[in-house]
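Colleague: I would like to go through this chain with you and ask how each label is earned. Please show me the structure.

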Amino acid sequence: MYEKLVDIICRYVETEPGDIRPESRFVEDLGFTSFDFMSMLGEIEDEFDVEIEQSEAVNIRTVQEAVDYLETLA
């Protein structure tokens, strides 16, 4: 799941997969805008066939937090 998420992240920001770490923060470290982040969440919902609650999405700040949340939905 982590590798798949990294692939999706690379579609939204100009970052090499090897530069993305579990502790990477979407906004501060990877350069996401709020629009990029919300667009990525939509793609994640389609890719993993899940529904991400907006109230939970605001708590996702790092790549690992995203993975942990997605694993609760799987």
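Modeller: The chain exposes about 4,600 Å², and carbon and sulfur atoms supply 46% of that area. Such areas come from the Shrake-Rupley method with a 1.4 Å probe; for residues, only the protein chains shown count as cover. This is a predicted model, in which local features need pLDDT of at least 70, side-chain atom pairs count only at pLDDT 80 or more, and totals for chains, interfaces and linings use all residues. Residues are numbered from 1 along each chain as its sequence is written, and side-chain values use heavy atoms, leaving out hydrogens and water.

Colleague: Why is S24 called buried?

Modeller: Buried means under 20% relative accessible area, exposed over 50%, partly exposed in between (1.4 Å probe, protein chains only). S24 has 7% relative accessibility, so it counts as buried. In the chain, 38% of the 74 residues are buried.

Colleague: What makes the link between S24 and R21 a polar contact?

Modeller: The term needs a pair of N or O atoms within 3.5 Å; within protein, one must be able to donate a hydrogen and the other to accept it, and residues adjacent in sequence count only if both atoms are side-chain atoms. The side chain of S24 reaches the backbone nitrogen of R21 at 2.9 Å.

Colleague: Which residues does S24 contact beyond its neighbours within four places in sequence?

Modeller: With contact meaning heavy atoms within 4.5 Å, they are D19, D29, L30, R61, T62 and V63.
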